[in-house]
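I opened this entry to keep a record of what I looked up in one structure. The notes follow the order in which I checked things.

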Amino acid sequence: MTMSILKGLLQDYLNSLFNEGIVNDQFNELLSLENTRGPDYVVTSISTYIADVEMILSDISHHVENSKVDFSHMASLARAIEDKSASIGAEHMMLACSDLIKACDEKHKRKLIRSLPWTKSEFTQTKNKFMDLVRMEMRIIRFQSSQPSE
């Protein structure tokens, strides 16, 4: 497969992420930084985002199981996911966090318990799409590094 084909496939996939509303224009900013910060910048940023959100969601899940929920702490965790999602351009996750944040702000445990699985589901979908993108990016990086320098 040639580089032009790989890049074309990547561009088509990126277009689908935008069309599905998985990412927004902020994601373009992330992609543009790849030129100045190195070829693995997007891969590293996505990997860090995924690890951070997984850790926060695990923390939220743990706290929800407590009989006495610290709603202000839960709200700050949910806002951390929202902020991380906004910085990377993960539109679906920003939207998914709104119900979680609202439940925490209202101190409504039942709503919190209902909104958490949906947020986790949206994260799984976003994560899977991002991991497909990472695999494509890594394939391009490997292809570039295998080519002789000019």
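**Serine 98.** I began with the side chain of serine 98, which reaches the backbone oxygen of leucine 95 at 2.7 Å. This is read from a predicted model. I placed serine 98 in helix H5, which covers residues 91-105. Its relative accessibility is 36%, so I list serine 98 as partly exposed. I also took one long-range distance: the C-alpha atoms of serine 98 and valine 64 are separated by 17 Å, with the two positions 34 residues apart along the chain.

**Cysteines.** Next I looked for disulfides and found 0 in the structure. Cysteine 97 is in no disulfide, and the nearest cysteine sulfur, that of cysteine 104, is 10 Å away. Why is cysteine 104 not bonded to cysteine 97? The two sulfurs are 10 Å apart, which is too far for a bond, because a disulfide needs the sulfur atoms within 2.5 Å. I then checked how much of each residue can be reached. Cysteine 97 has 0% relative accessibility and counts as buried. Cysteine 104 is buried as well, with a relative accessible area of 3%.

**Lysine 107.** I went on to the loop between H5 and helix H6 (109-146), where lysine 107 lies. Its phi is positive, about 55 degrees, although lysine 107 is not a glycine. Is lysine 107 buried or exposed? I have it as exposed, because its relative accessible area is 58% and the cut-off for exposed is over 50%.

**Whole chain.** I stepped back to the fold. The protein chain has 6 helices and 0 strands, and its pattern along the sequence is α-α-α-α-α-α. The C-alpha trace spans about 65 × 25 × 20 Å along its principal axes. Of the 150 residues in the protein chain, 39% are buried. I also looked at contacts between residues at least 6 apart in sequence: 70% of them join residues at least 24 apart.

**Nonpolar core.** In soluble globular proteins, nonpolar side chains tend to be buried together. With that in mind I looked up the largest nonpolar core, which has 44 residues. Phe27, Ile46, Tyr49, Ile60 and Leu112 have the most contacts inside this core. Helix H1 (3-19), helix H2 (25-37), helix H3 (41-64), helix H4 (71-88), H5 and H6 each supply at least two of its residues. Which helix gives the most to this core? I have H3 down for that, with 11 residues.

**Tyrosine 49 and serine 85.** I followed one of the core residues further. Leaving out residues up to four places away in sequence, tyrosine 49 touches Lys84, Ser85, Ile88, Ala90, Met93, Phe123 and Phe130. I then turned to serine 85, whose place is in helix H4. Serine 85 is buried, with a relative accessible area of 0%. With the same sequence neighbours left out, I list its contacts as Tyr49, Ala90, Met93 and Met94.

**Threonine 126.** I found threonine 126 in helix H6. Its relative accessible area is 0%, so I mark threonine 126 as buried. What does threonine 126 touch, not counting residues up to four places away in sequence? I noted Ile22, Ala90, His92 and Met93.

**Glycine 8.** I checked one position in helix H1, glycine 8. Glycine 8 is partly exposed, at 29% relative accessibility. From glycine 8 to serine 85 I have 26 Å, C-alpha to C-alpha, and 77 residues along the sequence.

**Largest pocket.** Rolling a probe the size of a water molecule over the atoms shows where empty space is left. My last look-up was the largest pocket, with a volume of about 240 Å³. Its lining is made by Lys7, Leu10, Gln11, Leu14, Leu31, Glu34, Asn35, Pro39, Glu137, Ile140, Ile141 and Gln144. Which elements give two or more residues to the lining of this pocket? I have H1, H2 and H6 down for that.

Methods: Residues are numbered from 1 along each chain as its sequence is written. This is a predicted model: local features need pLDDT of at least 70, side-chain atom pairs count only at pLDDT 80 or more; totals for chains, interfaces and linings use all residues. Side-chain values use heavy atoms; hydrogens and water are left out. Helices (H or I, at least four residues) and strands (E, at least two) are DSSP runs, numbered from the N terminus. Buried means under 20% relative accessible area, exposed over 50%, partly exposed in between (1.4 Å probe, protein chains only). A polar contact is a pair of N or O atoms within 3.5 Å; within protein, one must be able to donate a hydrogen and the other to accept it, and residues adjacent in sequence count only if both atoms are side-chain atoms. A nonpolar core is a set of buried Ala, Val, Leu, Ile, Met, Phe, Trp, Tyr and Cys residues joined through side-chain atoms within 4.5 Å. Contact means heavy atoms within 4.5 Å. On a 1 Å grid over the protein atoms alone, a cavity is a set of points where a 1.4 Å probe fits but cannot get out, and a pocket is an open set with protein on both sides within 12 Å along at least five of seven lines; lining residues have an atom within 4 Å of a point. Grid points are joined across faces, edges and corners, and a volume is the space filled by probe spheres set on the points.
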